[in-house]
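Hi everyone, thanks for coming. I'd like to walk you through one structure today, so please have a look at the sequence and the 3D view before I start.

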Number of protein chains: 2
Amino acid sequence: MDDMRKIYDIIGIGNAIVDVISHESDDFIERHGLIKDSMALVDEETATGLYNDMHPAIQTSGGSAANTMAGIASLGGSAAYIGKVRNDHLGDLFAHDIEASGVDYLVDPATIGLPTARSMVLVTPDGARTMSTFLGASSTLYPHDIDAENISTAEYLYCEGYIWDVEITKEAIRLAMSIAKEANKKVCFTLSDSFCVHRHRQEWLELVAGPVDILFANKDEICALSGYESFDKAINWIRGQVGIACLTEAENGSTIVTADETIKVEAFPVDKVVDSTGAGDLYAAGFLHGLIKGHDLETCGKIGSLVAAKVVAQTGARFQTSLSEIVSNVFNL
Amino acid sequence: MDDMRKIYDIIGIGNAIVDVISHESDDFIERHGLIKDSMALVDEETATGLYNDMHPAIQTSGGSAANTMAGIASLGGSAAYIGKVRNDHLGDLFAHDIEASGVDYLVDPATIGLPTARSMVLVTPDGARTMSTFLGASSTLYPHDIDAENISTAEYLYCEGYIWDVEITKEAIRLAMSIAKEANKKVCFTLSDSFCVHRHRQEWLELVAGPVDILFANKDEICALSGYESFDKAINWIRGQVGIACLTEAENGSTIVTADETIKVEAFPVDKVVDSTGAGDLYAAGFLHGLIKGHDLETCGKIGSLVAAKVVAQTGARFQTSLSEIVSNVFNL
C-alpha cells in the first residue's frame, strides 16, 4: 500500500520525439519529395540526409501527446507521460524538458538499441510544418512500460494516433486503453495526421465505435476517417459515436460535437502564423484543461483556441513561459 | 599551387559553443549566485546541475565569433570559422548549423577528450541573458588548428575575447593575429564581457595598442579596459589606439570612433526585447558586412544596429531566415 501515490488528472502516451526545426522554402519541400503539412516516417539515414540539407535549426522537445501533457501541466493540471527515449543526448534533452514542464515522466530510457527519435520539422513561409520522423527508440515502447496503477487512477488517458505506426507500441496503447476503460476512466484519442488515418482506418473505426470517449481531429483527418468529403457529413457521422468530438479547422476555429449539441468556437486571432507545429496538440491541452477544471464545453473550446493561437505564433510546440498566466489574462477563470 | 583556394572576406576564431536557452526569473539568477547579463565559466557538473533546475530549453548553436560569422554569411559575405568541437551530438549540431549558414568550418572535430562546449543561457523577463559556460572541447583549439594560408589571404580576421580564458587557445589566437598582420590584413577584436576584460586587462591593453585594427566593445567593457568610469573619457582614451572602435550601448545606439571622427548611430527600434543573446555579435556582423561592401562608417553602424535589433527580437543568436533580405528591405544598398 502506497499512501503517497499521486493521482494524475491525465496521462498521455505517445512517441517521445525531439524536433529539429528549420525554416525552408516550398521548393525545398518539393525537391525532397515531401507532402506539405503532413508527417512521413523515415529511416535514420534519410533523416540525416535531410538534416544535412536543412538551414540552421533549433532542437527542442516535441512529440504530439508529450506537447499536450506539457501544455496541461503549464496550465496548472497534474499530468504524466508515457513514451520511450534512449539514454543519449536527445533522450536527456527530452526527459529534461518534459520534467521541467512539470510533467511526471513514467518511463525509464532504454539503455540499448535505437537512438532517441527525432523529427525534421520544415516550416515553410506560410507557417505550415512538414515532418519527417525517424521513430528510433520511441518505437520500443512495450506493454510492460504501461503503468497500470497510474492509468487506472487518472481521470483521463490521452493517446496519439501516431503510435499506431508500430505494431509493438500499438499493443502497449491498446493495453493502456483497456486498463482505463476497466477503471471507468475517460479515453481520449487524437487522429494525428490524415495519412496516418489512411494507414489505420479500419482499426480506428473500431476505436471510435469502442473505447474512445473524446476524439480530437482536424477537418482532413475526420473526413479521412469518416470516408466523407463533406465536413458537415463527417460531423453527423461522428456524432454519438464518441462522447465528445473536437474538430479543428485552423483559422476557421473548431466544432465541438456531442450527441445533442454542436458548438462552434471561433479561432483566437493570430498576428502572424510563425510555425503551426503543435497547434492541434495545444488545442487539445487547452480543451482538456478546461474539462479537468469543470468548465462548460464552449469555454473548453475557447481555452483550446487561445492556447493553439499562442503556440503558432512561436517556433516549436513547447512554451518557455507559463500558460496559466496567459489564460488567466484573457479569461476570468 | 592551388588555384581553387577560396579567398574569404573574413575568418572568425572563437569558442565553438551550443547554447541551451531557457526563460527564467530574476529570482532564479539570484538563487544560483549568478551575475546577471554576464558570462561565467563553469565545470561540466555545474552546467548539468543548472540545466536540471532550468525550464524547458531550446538548443541552438552559439559562440560569439561563430554568431558573427553566421551573420556575415547570411548577409551575403564569404566567411570561415575556426573553433573546436568534439565529434558528439552537440558537435554535429554546431557543425551543421555553421555550415548551413554558409560559413566554411575550417577545423575538424576532436575525436577524443572533452565533449562539445555548451552555455546555459538564462533569459530573464527584461530580455537580459546570463550565461554559464562549460568550455569543453572548445578549450582544445591548438596553434596547429590555425589555418595560416586562409588567414593570410582573408581581408579580415575576427577574434573574440572569450578565447583568452584558456592558455592554449590564447596561443592559437596570437598566432592567427601575427599571421594576419604579417600579410597586411585587418585584425578585429571584441572585448566579449566586462568580467573577461578584468581577467585579461593587461594583455588586452597591449593588444589594442598593438595588432588590433577594429575593436568592438560595449560601454561596460570599454570602461573596464580603459579604467575610466566615464564613457566619454573611455572614448577619448581609445581614439587613435585602434583604427576604428565600435562602442555599443544597447538601446542607446553605438558610437564609432576613429582618429578624427566620432559618429553616433541610433539604435534601431525594437518592439520588445525577447532575448539579448547575440546583440553584440550581430552588431559586429552588420558593421563588418558594411565595411566589406565598402560602405561609409555611418552606414556600417546602421546595418549593425538593424541586425542587432532583429536578433534581440527573437530567441537565440542565429537566424533562420536570410539577413540579406531584411537589410535590403530597410536600406537601399
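Let me begin with a question: which residues have the most contacts inside the largest nonpolar core? Keep in mind that what we are looking at is a predicted model. The core holds 215 residues, and the ones with the most contacts inside it are Leu157(A), Cys159(A), Leu157(B), Cys159(B) and Ala176(B). As background, nonpolar side chains tend to be buried together in soluble globular proteins.

Let's follow one of those residues, Cys159(B). Setting aside neighbours within four places in sequence, Cys159(B) is in contact with Ile13(B), Ala65(B), Ile173(B), Ala176(B), Met177(B), Cys188(B) and Phe189(B). Two of those names, Cys188(B) and Phe189(B), take us to strand 10 of chain B, which covers residues 186-190.

So, is strand 10 of chain B mostly covered or mostly open? Mostly covered: five of its five residues are buried. Remember that in a regular strand the side chains alternate between the two faces of the sheet. In strand 10 of chain B, Lys186(B), Cys188(B) and Thr190(B) are on one side, Val187(B) and Phe189(B) are on the other, and all of them are buried. I'd point out Lys186(B) on your screens, since that lysine is on the buried list too.

Now for the neighbours of this strand. On strand 9 of chain B, residues 156-160, the pairing with strand 10 is parallel and runs over five bridges. Our core residue Leu157(B) has Val187(B) as its bridge partner there. The connection goes through helix 6, residues 167-182, and strand 9, helix 6 and strand 10 of chain B form a right-handed β-α-β unit.

The next step along the chain can be described in a similar way. Strand 10 of chain B pairs in the parallel sense with strand 11, residues 214-218, over three bridges, and Ile214(B) is the bridge partner of Cys188(B). Here helix 7, residues 194-209, makes the link, and strand 10, helix 7 and strand 11 of chain B give a right-handed β-α-β unit.

Let's zoom out to the sheet. In chain B there is an open sheet of nine strands, in the order 6-5-1-9-10-11-12-13-14, with mixed pairing. Which strands stand at its edges? They are strand 6 (104-105) and strand 14 (262-265) of chain B; each has a single partner strand, so one side of each is left without a neighbour in the sheet. For strand 6 of chain B, look at strand 5, residues 79-82: these two pair in the parallel sense over two bridges, with Ala80(B) opposite Asp104(B).

Over to chain A, and to strand 2, residues 17-23. Seven of its seven residues are buried, so strand 2 of chain A is largely enclosed by the rest of the structure. Ile17(A), Asp19(A), Ile21(A) and His23(A) point one way, while Val18(A), Val20(A) and Ser22(A) point the other way. Strand 2 of chain A runs parallel to strand 7, residues 117-123, joined by seven bridges, and antiparallel to strand 4, residues 58-61, joined by four. Ile21(A) is a handy landmark: it stands opposite Val121(A) in strand 7 and opposite Ile58(A) in strand 4 of chain A.

How do the two chains meet? The contact takes 22 residues from chain A and 22 residues from chain B. On the chain A side, strand 2, strand 4 and helix 4 (89-100) each supply at least two residues, and helix 4 gives the most, with six. By class, that side has eight nonpolar, twelve polar and two charged residues.

And how are the copies related? A rotation of 180° with 0.0 Å of shift along its axis superposes chain A on chain B, at an RMSD of 0.0 Å. The two copies are thus related as by a two-fold rotation axis. In chain A, the C-alpha nearest that axis belongs to Gln59(A), 2.6 Å away from it. What's more, 100% of the interface residues of chain A are also interface residues in chain B, so the copies meet through the same surface.

One last detail to look up: Ala250(A) has a positive phi of about 50° although it is not a glycine. Ala250(A) is in the loop between strand 12 (244-248) and strand 13 (254-257) of chain A. Thanks, and I'm happy to take questions!

Conventions: Residues are numbered from 1 along each chain as its sequence is written. Chains are lettered from A and ligands numbered from 1 in the order in which they are written. This is a predicted model: local features need pLDDT of at least 70, side-chain atom pairs count only at pLDDT 80 or more; totals for chains, interfaces and linings use all residues. A residue is buried if 20 or more other C-beta atoms lie within 10 Å of its own, exposed if 12 or fewer, and partly exposed in between; C-beta atoms are placed from the backbone. Two strands pair if DSSP finds at least two bridges between them. A crossover is right-handed if, with the strands pointing away from the viewer, the path from the first strand over the helix to the second runs clockwise. Two residues are in contact if their C-beta atoms, placed from the backbone, lie within 7 Å. Ala, Val, Leu, Ile, Met, Phe, Trp, Tyr, Cys and Pro count as nonpolar, Asp, Glu, Lys and Arg as charged, and the others, Gly among them, as polar. Copies are superposed by least squares on the C-alpha atoms of residues with pLDDT of at least 70 in both. A nonpolar core is a set of buried Ala, Val, Leu, Ile, Met, Phe, Trp, Tyr and Cys residues joined through C-beta atoms within 7 Å.
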